[in-house]
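Reader: I have a structure on my screen and would like to learn how to read it. Could you walk me through it?

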Amino acid sequence: MPLCSEARIIAKRAGARVLAAMSGGQRLLLLGGGHSQLAVLQALARERPTGWQVTLVTPQPRMLYSGMLPGWMAGHYRLGQCAIDLHRLAVAAGVELRLGAAVALDAEQQRVSLDDGSVIGYERLSLDIGSGIALGPLGALVSGRCDSQQTAPILLPVRPLAGFVSGWRRIVTQAAARPDFALAVLGAGAGGVELAFAARRRLGRSVSLVCGDAGLLPGHAAGVRRRARHWLVRRGVALLSGPALPQGADALRLADGSLLRADALITATGAQPAGWLAQSGLALTESGQVEVDACQRSVSHAAVFAAGDVSQRSDGALASSGVHAVRAGPVLAHNLLASLRDAPLRRWRPRGRSLYLLSTGERHALMSYGRFSLAGGWVWRWKDHIDRAFIARHDPDSDRAA
Ligand SMILES: Cc1cc2nc3c(=O)[nH]c(=O)nc-3n(C[C@H](O)[C@H](O)[C@H](O)COP(=O)(O)OP(=O)(O)OC[C@H]3O[C@@H](n4cnc5c(N)ncnc54)[C@H](O)[C@@H]3O)c2cc1C
């Protein structure tokens, strides 16, 4: 395996600060408990590096697994079945857990500010905070109230997931009381498609899926898109051409000029990294993601590692997706711990093709792998098995824990 030779830069750059900190232990800060960070917590549970105080900062004590969220919406899972307990993983790894969210990062001073006003310094930082949703012009819409006085549609971004969960529950309540309730999902990537199918199954009301400029399932093969179209028709989900643009404060106009009536809009319109990263001093890509090398380390600040949707590799080898965030986890964990020991880092090259299993609302799913596609009940059972195994692997008490 080729090596990243610059690992020692960190200790030299941090110099006196590291020495000063040694007496009280150096700090490894894990920011965000996303898909990649799970592997870091598990590696820390195995290795327990001496001389390092490790802190995990996360807004919630559990991580909701997005792969199972459409299944929860559709009624196939309880929410607890889709959650990974970060608190127990942290305890098992000897990691201090701080509930909170970062609001600023100073990469030169090596410190992070939290939403409660506190500041945490670090000698190493592992960033896995995911992303928000890019609303673009949709931000001009006034978000509606969730009661009988409602005029404007409810605007519900799919991220952050905790907010989405409570917003979805309100939509279910409203839709149950109104047979004419109409919902639109904006954004027809893998997430948007699954959300539209799940919403249709759960609500039994009018559901539309509005594509952006790139159309249905961009990046997937023509055969996959054909199958998805077929199942959208069969399930009664209207596929509309966008992009949808706000018309006044409470309506949307589609590409063909027609107006879209909706009581609720779920936006799955693409990832948007946290805005405060722009002032962090870290090298960012054009899209505002932290630029990392093939070792998942910041190209500008060697004390910082990042993986998942918050990051983008300089070599462009990884698109933002849950599959890639999971695959980057073991590399992030290995390199982070190697850097604590001043040991060589490992480069990695992700596989070109990824397997996507997209549920179609019922216990039925579509498979997309390169130019191959399949659909059926057995694909859903396969997905269900993979998803449950993922959750079990991250349960410290499970026999299947990694
Ligand atoms: C409905 C849906 C279905 C999807 N289906 C698929 C699929 O089938 N296949 C696929 O590959 N991808 C899928 N995705 C995309 C996938 O969910 C993301 O790419 C993946 O979650 C990215 O993982 P991550 O670790 O970067 O971030 P996340 O999993 O989002 O984790 C980030 C964590 O950081 C925390 N955090 C956020 N901000 C802060 C802060 N300021 N300070 C501290 N902590 C913070 C969050 O609470 C969260 O726990 C889907 C997404 C959705 C919404």
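**Reading the model step by step**

Author: Gladly. Let us start at one residue: Trp-382 lies in helix α9. Keep in mind throughout that this is a predicted model.

Reader: Is Trp-382 buried, exposed or partly exposed?

Author: The general idea is to look at the relative accessible area: buried means under 20%, exposed means over 50%, and partly exposed falls in between. Trp-382 has a relative accessible area of 31%, so this tryptophan is partly exposed.

Reader: Which residues form a nonpolar patch with Trp-382 on the surface?

Author: The patch is made up of Leu-374, Trp-378, Trp-382 and Ile-386, and together they have about 350 Å² of accessible area. Helix α9, residues 377-393, gives the most to this patch, with 3 residues.

Reader: Now the wider view, please. How many helices and strands does the chain have?

Author: There are 9 helices and 27 strands. Of the 402 residues in the chain, 51% are buried. The chain exposes about 17500 Å², and carbon and sulfur atoms supply 52% of that area. As for contacts with a separation of 6 or more, 65% of them are between residues 24 or more positions apart.

Reader: How much confidence does the predictor have, and where is the pLDDT below 50?

Author: pLDDT is the predictor's confidence in each residue, from 0 to 100. Here the chain averages 88, and 89% of the residues score at least 70. Over residues 1-23 the pLDDT is below 50, and this stretch has 38 contacts in the model beyond near neighbours in sequence. Residues 145-149 are also below 50, with 7 such contacts.

Reader: Let me try the interior. What is Thr-267 in contact with, leaving aside its neighbours within four places in sequence?

Author: First, its place: Thr-267 is found in strand β19, residues 264-267. Its relative accessibility is 0%, so Thr-267 counts as buried. Its contacts, apart from those neighbours, are Ile-133, Leu-135, Leu-138, Leu-155, Leu-156, Pro-157, Val-158 and Leu-186.

Reader: Cysteines always catch my eye at the bench. How many disulfides are there?

Author: A disulfide is a covalent bond between the sulfur atoms of two cysteines. In a model we go by distance, and the sulfur atoms must be within 2.5 Å. By this rule the count is 0. You can still look up individual cysteines: Cys-82 has 0% relative accessibility and counts as buried, and Cys-211 is buried with a relative accessible area of 9%.

Reader: And charged pairs? How many salt bridges does a search of the whole structure find?

Author: The idea is to look for a side-chain nitrogen of Lys or Arg within 4 Å of a carboxyl oxygen of Asp or Glu. The search finds 13 salt bridges. One of them joins the side chains of Asp-85 and Arg-88, at 3.8 Å from N to O. Asp-85 is partly exposed, with a relative accessible area of 28%, and Arg-88 is partly exposed too, at 31%.

Reader: Which residue forms a salt bridge with Asp-263?

Author: That is Arg-178, and the closest N and O atoms are 2.9 Å apart. The pair links distant parts of the chain, 85 residues apart: Asp-263 is in the loop between β18 and β19, while Arg-178 is in the loop between α5 and β13. Asp-263 is buried at 7% relative accessible area, whereas Arg-178 counts as partly exposed at 27%. Both belong to a network of salt bridges that links Arg-178, Asp-180, Arg-261 and Asp-263.

Reader: Why does the salt bridge of Arg-201 with Glu-362 tie together parts far along the sequence?

Author: The closest N and O atoms of Arg-201 and Glu-362 are 3.1 Å apart. Arg-201 lies in helix α6 and Glu-362 in the loop between β25 and β26, so the pair ties together parts that are 161 residues apart in sequence. Arg-201 is partly exposed at 35%, and Glu-362 counts as partly exposed at 34%.

Reader: One last try: how far apart are Ala-221 and Phe-372 in sequence and in space?

Author: They are 151 residues apart in sequence and 7.5 Å apart in space, C-alpha to C-alpha. Ala-221 sits in the loop between β14 and α7 and is buried, with a relative accessible area of 17%. Not counting residues up to four places away in sequence, Ala-221 touches Gly-370 and Arg-371.

Terms used
Residues are numbered from 1 along each chain as its sequence is written. This is a predicted model: local features need pLDDT of at least 70, side-chain atom pairs count only at pLDDT 80 or more; totals for chains, interfaces and linings use all residues. Side-chain values use heavy atoms; hydrogens and water are left out. Patches are made of residues with over 30% relative accessible area and no salt bridge: like charges are joined within 9 Å, nonpolar side chains (Val, Leu, Ile, Met, Phe, Trp, Tyr) within 5 Å. Accessible areas come from the Shrake-Rupley method with a 1.4 Å probe; for residues, only the protein chains shown count as cover. Helices (H or I, at least four residues) and strands (E, at least two) are DSSP runs, numbered from the N terminus. Buried means under 20% relative accessible area, exposed over 50%, partly exposed in between (1.4 Å probe, protein chains only). Contact means heavy atoms within 4.5 Å.
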